[in-house]
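Me: I would like the labels on this structure justified one by one, with the value set against the cut-off in each case.

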Amino acid sequence: MIYRNKLSLLGFGIMRLPIVKTDSGAEDIDTYLSTELIDYALANGVNYFDTAWPYHEGQSESFLGKALVDRHPREDFYLATKLPLWEIDTPADADTLFARQLTKLRTDYVDFYLMHALDGERFDHMVSSGLLQWAVDLQKSGKIGRLGFSFHGTNEDLARIIAAHSWDFGQLQLNYLDWELQKAGQAYNMLTDAGIPVIVMEPVRGGKLASLIPAAEEILKTQQPGKSVASWAFRFVGGLPNVMSALSGMSTLDQLKDNIETFSVAEVDLVLTSAERGVLDSALEASQLAAAIPCTACKYCMPCPYGVDIAGVFGSYNAYKMGGSDFGYKMGLKALGEDALADSCIDCGDCVPLCPQQIDISQEMEAIATETAELLSVDEYRAERADLMEKRGSN
């Protein structure tokens, strides 16, 4: 395992653990499988674990406290969590929430603490409410080690955030697709120039860069037989010298093993050559990912009060636009259910400010609904769905 500033270059994001469905239809963390992942990661060199207050509907911190902190020596790993600024109005509120985080995590200090999902509006709130000073004072007290932020705004917002404090680190969405598409490369350089180490989130874009269309995958596998598609994305970010750790929200042991293998080389072998960068650009062009809606399925926008499966709709649409068949798209929509589709969006706008990618969700839903209606009329879709349900019932 490669280490930078004592952190494993592969970090474990406790956001997309394996889940089980309860009798009520809710999703709980699969404790057995998830604990197996934690143990394997720690035994194979991963020492940075990143969670947050809202992950897994509030279950993530408690799970990590039981699976990691309770069961392993505290000095063997670094623990990161975040302050949900959208739920906090005053430093007194932050005191209460932070105390609950320590209780859930079963620890009396946090190694890395982030101001969560900063953009311009949340930055203004953080400063004007005294929450930045609260965090600085908390660090001085020894309750947190390094103070940073996760970022989901414009690069103009980022410039103000950088100037506001001597941050210990910044967390960016960074991958080879967003390097230019969302100006992530510019953001990386801004932090680097300011002397702020970078933690990477979404290095595989919510899984999109781990599975490309066959033509794009063939380009990568011809160049590197036996290596996964995801390994290219991790090498891209790992090869950047100011990256301190790259987070992966791993949900299977195979994903974990593959990512560990990627970072179990000499640093010089991790860096993509100029020829390999050209191959990656060719695969990106072949996959048409740049034309996709930049949804990472983080689900911060959900649940929709009107039942739209926002992440599901975007995922199905992107798969279709990136080379999927008409039939596959139709079946994907049927799996979501008619009430969860784009045409159920009423343009209330509640989800738009919640999106870290700054997607105009209402506008995209309207466009998807229009395009989908041309592909498959609503009446035809509902008739086909009713026929399918009837067949399933008879079986």
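Reply: One point before the labels: the model is predicted. A place to start is the right-handed β-α-β unit made by β7, α4 and β8.

Me: What makes the unit of β7, α4 and β8 right-handed?

Reply: The term applies if, with the strands pointing away from the viewer, the path from the first strand over the helix to the second runs clockwise. The unit of β7, α4 and β8 is assigned that hand, so its path over α4 is clockwise in that view.

Me: How do you know that β7 pairs with β8, and in which sense?

Reply: Pairing needs at least two bridges. Strand β7 (residues 78–83) and strand β8 (residues 110–118) have 4 bridges, in the parallel sense, so they count as paired. One bridge joins K82 to L114 in β8.

Me: Which strand pairs with β7 over 3 bridges?

Reply: That is strand β6 (residues 48–50), again in the parallel sense. The 3 bridges meet the requirement of at least two, so this is also a pair. Here F49 has L79 in β7 as its bridge partner.

Me: Why is β7 described as mostly covered?

Reply: A residue is buried under 20% relative accessible area. In β7, 5 of the 6 residues are buried, hence the description.

Me: Why is D50 called buried?

Reply: D50 is in strand β6. Its relative accessibility is 2%; the limit is 20%, so D50 is buried. Leaving out residues up to four places away in sequence, D50 touches F12, G13, I14, Y55, A80, K82, L114, Q171 and L247. K82 and L114 in that list are the bridge partners from β7 and β8.

Me: How do you know that S231 is buried?

Reply: By the cut-off of 20%, the value of 6% makes S231 buried. S231 lies in helix α11 (residues 229–238), and touches D258 and T262, not counting residues up to four places away in sequence.

Me: What makes α3 oblique to α4?

Reply: Helix α3 (residues 60–69) and helix α4 (residues 91–105) pack at about 40 degrees, with their axes 7 Å apart. Roughly parallel would require an angle under 35 degrees, and roughly perpendicular one of 65 to 115. The angle fits neither range, so α3 is oblique to α4.

Me: Which residues make the contact of α3 with α4?

Reply: From α3 they are E61, S62, L64, G65 and V69; from α4 they are Q101, K104 and L105. By type, this contact has 3 nonpolar, 3 polar and 2 charged residues.

Key:
Residues are numbered from 1 along each chain as its sequence is written. This is a predicted model: local features need pLDDT of at least 70, side-chain atom pairs count only at pLDDT 80 or more; totals for chains, interfaces and linings use all residues. Side-chain values use heavy atoms; hydrogens and water are left out. Axes are lines fitted to C-alpha atoms, for helices over the stretch in contact, and angles run from 0 to 180 degrees between N-to-C directions. Angles under 35 degrees count as roughly parallel, over 145 as roughly antiparallel, 65 to 115 as roughly perpendicular and the rest as oblique. Contact means heavy atoms within 4.5 Å. Ala, Val, Leu, Ile, Met, Phe, Trp, Tyr, Cys and Pro count as nonpolar, Asp, Glu, Lys and Arg as charged, and the others, Gly among them, as polar. Buried means under 20% relative accessible area, exposed over 50%, partly exposed in between (1.4 Å probe, protein chains only).
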